[in-house]
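This report is written for a reader meeting the structure for the first time. Please look over the sequence and the model shown below before reading on.

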Amino acid sequence: MIDYEREHRRMRFMLGGAILAFVVLLAATIPSPYVIERPGPVVDTLGKITIEGETEDVIRLEGVDTYPTTGRLNLLTVTTVGSPQQPVDWLSLVPALLDRTQQITPMSSLFPEGTTEDDRDAVNTALMGSSQTRSVAAALDELGEPVPVMLRVGSVAEDGPAEGILEQGDLLVAVGADPVEDFESLRAAVASSGAGSEVELLIERSGERRTETVTPEIPEGGEDPLLGITVVSEYDLPFEVTISLDEIGGPSAGMIFALAIYDELTPGSLTDGIDVSGTGTIGESGEVGPIGGLSQKMWGAARAGSDLMLIPVGNCGDVPDRLPEGLRLAPVATLSEAIAAVETAADGGTPPGLERCPAE
């Protein structure tokens, strides 16, 4: 005799399993509008790196006296999984939801509409190059040997305020009556003009000076008016610097590069054997700026066994409530503060921590 109730339960179970399998199949094939950010490689800037089978110093200074170092000054990175060309499917997001070291981020925040993975890589490569040269300038400025800088237009954004007015390679001489002395002075002069107000730029193109007028605009999601250009800094460095990295881009290694160069140019060891990790952009005069992916970089620093992690004061608001166990943070605003924090830790002391952050 047929047990209809039992047969009915079995059919419902099979149907539920089939529906679940179908949903999982869809989740594994339908692309999501998100990317996954996770801790990336950690590189000791005082050490060596292997690229295409060749081992070489991460930072090599030639034409100047250098001094032996100890310890580690770690560069931190974030690995991004997903792009407009290779989107992450919905099912792949599930492990990231359960892993506090990873973060799910809208793709549009990293890849604005029309931006490809190659475009982003090209921008990050250019930013890394600028960051490297600025780090040398910042280290020399800290040593009382400021380096003159010239700013050129690296690229002009399509449909941006400067399209058709400025060209790649233009030398930026002055904004109104104010000479362009460094990137910070350029940014401040443009920001002070306000969105929608015309700005007179004195530029040099093909050896001839001319005045052009641009109306800065505030980009979507931004706060300050911009010219719609990328800027390349050119320095007349007193010695040759080679920084070797593989597939790492962006400006966020500037501070740690500057610390490593400063360490190599000064007698004794800055770290005195301890392991220090850090992240932050760097200005020609040593200003440390905020970066993205702080949480993932913190986990990278913890996994590397760091005794201290330097972060920009500008990222204080991004520090998560739960920190990796044993990780000590030191917010800094300048290269001088970063050096002082490392020296304090190397001497067995405790540098200023999160109490250094501005009150909310």
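The protein chain carries 21 positive and 59 negative charges, and the mean positions of these two groups lie 12 Å apart. Lys and Arg are counted as positive and Asp and Glu as negative, while His and the chain ends are left out. Each charge is placed at NZ of Lys, CZ of Arg, CG of Asp or CD of Glu. The model is predicted: local features need pLDDT of at least 70 and side-chain atom pairs count only at pLDDT 80 or more, whereas totals for chains, interfaces and linings use all residues. Residues are numbered from 1 along each chain as its sequence is written, and side-chain values use heavy atoms, without hydrogens and water.

Along the principal axes, the C-alpha atoms of the protein chain fill a box of roughly 100 × 55 × 50 Å. The protein chain has 8 helices and 18 strands; these are DSSP runs (helices H or I, at least four residues; strands E, at least two), numbered from the N terminus. Of its 360 residues, 42% count as buried. Buried means under 20% relative accessible area, exposed over 50%, and partly exposed in between (1.4 Å probe, protein chains only). Among contacts (heavy atoms within 4.5 Å) between residues at least 6 apart in sequence, 73% join residues at least 24 apart.

The surface holds two patches of interest. Patches consist of residues with over 30% relative accessible area and no salt bridge, with like charges joined within 9 Å and nonpolar side chains (Val, Leu, Ile, Met, Phe, Trp, Tyr) within 5 Å. A salt bridge is a side-chain nitrogen of Lys or Arg within 4 Å of a carboxyl oxygen of Asp or Glu. A negative patch is formed by eight-membered company that includes Glu-52, Glu-117, Asp-118 and Asp-246. Helix α4 (residues 117-142) supplies its largest share, 4 residues. Asp-118 is located in helix α4 and counts as exposed because its relative accessibility is 61%. A nonpolar patch of about 410 Å² is made by Leu-91, Val-94, Leu-97 and Leu-98. Leu-91 sits in the loop between β5 and α2 (93-97) and, at 35% relative accessibility, is partly exposed.

Helix α7 (residues 294-303) has 8 of its 10 residues buried. Among the buried residues of α7 are Leu-294, Met-298 and Trp-299. The buried residues of α7 pack against strands including β1 (34-44), β5 (72-81) and β14 (275-278). After α7 comes Gly-305, with a positive phi near 75°. Asp-275, in strand β14, is buried, with a relative accessible area of 18%. Beyond its neighbours within four places in sequence, Asp-275 has contacts that include Gly-71, Arg-72 and Gly-305.

Two loop residues other than glycine also have a positive phi, as the table sets out.

| Residue | Phi | Loop | Relative accessibility |
|---|---|---|---|
| Asp-159 | about 65° | between β7 (149-156) and β8 (171-175) | 63%, exposed |
| Ser-206 | near 55° | between β10 (199-205) and β11 (208-214) | 76%, exposed |Gly-63 lies in the loop between β4 (59-62) and β5. Gly-63 counts as exposed because its relative accessible area is 74%. The C-alpha atoms of Gly-63 and Gly-250, 187 residues apart along the chain, are separated by 27 Å.

Notes
Accessible areas come from the Shrake-Rupley method with a 1.4 Å probe; for residues, only the protein chains shown count as cover.
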